[in-house]
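Please open the structure in your viewer and keep the selection tool at hand. The tour below proposes what to select at each stop and describes what is found there.

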Number of protein chains: 2
Amino acid sequence: MATKTKRLRLGARRLTLSDVARASGFSPSTVSIVLNEAPHSRFVAAGTKLKIRETAERLGYRPDVFARSLRSRKSATIGVLVMDLADPFCTLILQGIEQKLRETSYLPIIMDAHNEPGQVQRYVEMMIERRVEGVVTVANWLMFDISLLEDISDDQLPTVLVGREVETPAIRGVMVNNEAGGYAAMEHLYELGHREIAMVCGPRRLADSRLRWRGMRRFAQKMKLKLNPALVRNLPDISESGSSFEGSRELTNLFLQSGEPFTAIVAFDDISAYGVIRALSENGLQVPQDYSVIGFDDIPVAALSTPSLTTIRQPLLEMGEYAADCILQSLKPGEEAEQG
Amino acid sequence: MATKTKRLRLGARRLTLSDVARASGFSPSTVSIVLNEAPHSRFVAAGTKLKIRETAERLGYRPDVFARSLRSRKSATIGVLVMDLADPFCTLILQGIEQKLRETSYLPIIMDAHNEPGQVQRYVEMMIERRVEGVVTVANWLMFDISLLEDISDDQLPTVLVGREVETPAIRGVMVNNEAGGYAAMEHLYELGHREIAMVCGPRRLADSRLRWRGMRRFAQKMKLKLNPALVRNLPDISESGSSFEGSRELTNLFLQSGEPFTAIVAFDDISAYGVIRALSENGLQVPQDYSVIGFDDIPVAALSTPSLTTIRQPLLEMGEYAADCILQSLKPGEEAEQG
DNA sequence: TGTCCAGTTTAAATCGATTGAAAGTGGTGT
DNA sequence: ACACCACTTTCAATCGATTTAAACTGGACA
């Protein structure tokens, strides 16, 4: 423990490659080649390798990150741009990414746009400045336009967008099967016996929303279920309010006021499901006694609130892992792979 | 826009200090001195400064982060260690930190320990390796022992712990007035007319918990309120289960089974408040009709769940900002300030 | 005329690594 | 004895900045 801590001390002058070279009796070049397992190390005698590795280990040598990056033009970092760190939808994805990268020598550099599109530009610049080798963008439904990401992608930086349906083929996307999710939501309510179902859909411009809606219609058609158009509404496009809570609360009130009959509501996501529940409650109606409500995402608190929220699960952690994996794959083969 | 984007292109060889020097007709030294406003720049002619700045601006010069850090031994980064990114308690604090640092040239490097103490060691090493100039640790109540942080602090790295009461004077802490919080919670319930109040306190070893408890007792004494010892329980110490939800749910069940009379419950934090509500609900009891419950923290969802959770607010965002500010202050005066 | 100084600017070393080209071995074949 | 080869190791340039000490330029003064 004592020695372990000692390595961290800032006071002591850093241990450099030359120190290891001197101690092991070889030149800095050889040491570098061995420790990096550079291609050239094929030519280094086995005994030499052993001795060098042993010495490095014994002295507790850690290469200087900055010197290395300067020379090699590689940062060993992956930029992670998240639209809103406080959004529980995003944090689980982040943890997935972190978990995956932890096994590698890549460090995620997390930047939080704080829901302000202006910050996105700034942070993307910072990422490039810091020579990230790949970019994962974690988008919630408030995501700005993604043209910036296309720019990055053009620059031969591997890029993945996770959490939101992408509409351009230039960028890889990681998302759940939204169509199937919509289908499943309807199926669940149908099996509970509901036949008159209201829907709080996402913003019209959001592809995710359209796909979920398509899934719902598909189920309805299959079951010869007629959907009442008066009970289908979209949340407003990228609202400034920032929250789908208020939006869905208002829509629910509209549904109730319309006098149209219904017994269940499908919400676009978990937060809007909470909005629905709030609106119902304010009208003296209870969930699940009077109405059934179903959300989408399965954010962590969904299971903790009472009654616990019924929701279509998105495997957020796994999505994060998968996104990170995509980047790692792009980085593997030979770094010029995607230049073509 | 086009030119702005152009600056980002990776393809084009980076623009270096020498390029600016050549274009402006001065030497790299002078350019460096001017652009950094180094002490020596007092001696540079005003016209020269102007010309250099103009040229740098025109060409869109951005210094290379790695070269700069290598030479100057400064990284312009602040390490942010968070115990659990998925904990809503932590994320708001993080945003506060980010918000504050955004105004400066420091970049937060966020590392998520994922609730695993083992990772803490690893990440602290990474931070030092990356030469962070300060460390902010965002602790939730599951925080491991903080001896590691003391090590850092010994190494003359400014260190702040936010979100949890610290017991050692070696480390600066940023936290809410827990004692006053406990007092306020009791006061609130008292004013609602409650006289028999149960408490789900935090783990006994946690200083925060003790202080809140002290605040509650103080109010009780002042009001000559007798607290029933059978209705005061602590959550288990740093449980492996990881969640205070289950713990407080069980304690609430114990309270109910004990047959002791009570009409309100103070919970240690918001998550445990949800545990209380769940337990009550499972016994056919409703909040707020049958029982009053109060939490602590004011995590974002507290306002969204129905009924919305009554809670003692911690100004998480502001705490984050303040913590970042502490670090910035330590960094200002002259970097040797805290060496003494 | 030569010296000195204040006011500016720059040369050159340095930070700590990576890397392509070159050099040093010793053994073979002729 | 010479050239040649395979096998190892090292030289020296380089990445792009910062920083110390030194150099340059005119004018003032003796």
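**First stop: an edge of the sheet in chain A**

Begin by selecting β9(A) and β10(A), two strands that run parallel and are joined by three bridges. The model on the screen is a predicted one. Within this pair, Phe296(A) stands opposite Ile312(A), which belongs to β10(A). Next, colour β9(A) by burial: five of its six residues are buried, and the strand is thus described as mostly covered.

**Second stop: from β9(A) to β8(A)**

Keep β9(A) selected and add β8(A). These two strands pair in the parallel sense, over three bridges. To find one of the paired positions, select Ala264(A), whose bridge partner in β9(A) is Ser292(A). Then display α12(A) as well: β8(A), α12(A) and β9(A) make a right-handed β-α-β unit.

**Third stop: strand β6 of chain A**

Now select residues 197-201 of chain A, which form strand β6. How many of its five residues are buried? The count is five of five, and β6(A) is mostly covered. Both of its faces are covered. On one side are Ile197(A), Met199(A) and Cys201(A), and on the other are Ala198(A) and Val200(A), all of them buried.

Add the strands that pair with β6(A). With strand β8(A), residues 264-267, β6(A) pairs in the parallel sense over four bridges. With strand β7(A), residues 232-234, β6(A) is joined by three bridges, and these two strands also run parallel.

Val200(A) is a useful residue to label here. It stands opposite Ala267(A) in β8(A), and it also stands opposite Arg233(A) in β7(A). Label Met199(A) too, which stands opposite Val232(A) in β7(A).

Finally, show helix α10(A), residues 207-222. Together with β6(A) and β7(A), this helix makes a right-handed β-α-β unit.

**Fourth stop: the whole sheet**

Select the strands visited so far and view them together. In chain A, five strands form an open sheet in the order β7-β6-β8-β9-β10, with parallel pairing. Which strands stand at the edges? They are β7(A) and β10(A); each has a single partner strand, so one side of each is left without a neighbour in the sheet. Neighbouring strands of this sheet are turned by 15 degrees against each other on average, direction ignored.

As background to this view, the strands of a sheet pair through backbone hydrogen bonds, in either a parallel or an antiparallel sense.

Now add helix α9(A), residues 178-191. This helix lies across β6, β8, β9 and β10 of chain A, and it runs at about 160 degrees to β9(A).

**Fifth stop: a loop in chain B**

Move to chain B and select Leu192(B). This residue is placed in the loop between α9 and β6 of chain B. Leu192(B) has 13 C-beta neighbours inside 10 Å and therefore counts as partly exposed. Select Ser292(B) as well: the two residues are 100 residues apart along the chain, while their C-alpha atoms are separated by 8.9 Å.

**Sixth stop: where the two chains meet**

Display chains A and B together. The contact takes 43 residues from chain A and 44 residues from chain B. On the chain A side, α1, α5, α6, β2, α7 and α12 each supply at least two residues. The largest share, six residues, comes from α6(A). By class, the residues of this side divide into 24 nonpolar, nine polar and ten charged.

**Last stop: the DNA strands**

Select DNA strand C and the residues around it, 27 in number. Those that come nearest are Thr16(A), Ser29(A), Ser32(A), Ala67(A) and Arg71(B). Helices α3 and α5 of chain A, together with α3 and α5 of chain B, each supply at least two residues of this surface. Which element gives the most? It is α5(A), with five residues. The surface near DNA strand C has 13 nonpolar, nine polar and five charged residues.

Turn next to DNA strand D, which 28 residues surround. The closest are Ser29(A), Arg71(A), Thr16(B), Ser32(B) and Ala67(B). The elements that give two or more residues here are α3 and α5 of chain A and α3 and α5 of chain B. In this surface, 13 residues are nonpolar, ten are polar and five are charged.

Notes. Residues numbered from 1 in each chain as written. Chains lettered and ligands numbered in written order. Predicted model: local features only at pLDDT ≥ 70, side-chain atom pairs only at ≥ 80, totals over all residues. Near = placed C-beta within 6 Å. Nonpolar A, V, L, I, M, F, W, Y, C, P; charged D, E, K, R; others polar. Contact = placed C-beta atoms within 7 Å. Buried ≥ 20, exposed ≤ 12 C-beta atoms within 10 Å, placed from the backbone. Pairing = 2+ DSSP bridges. Right-handed = clockwise from strand over helix to strand, strands pointing away. Axes fitted to C-alpha atoms, helices over the stretch in contact; angles between N-to-C directions.
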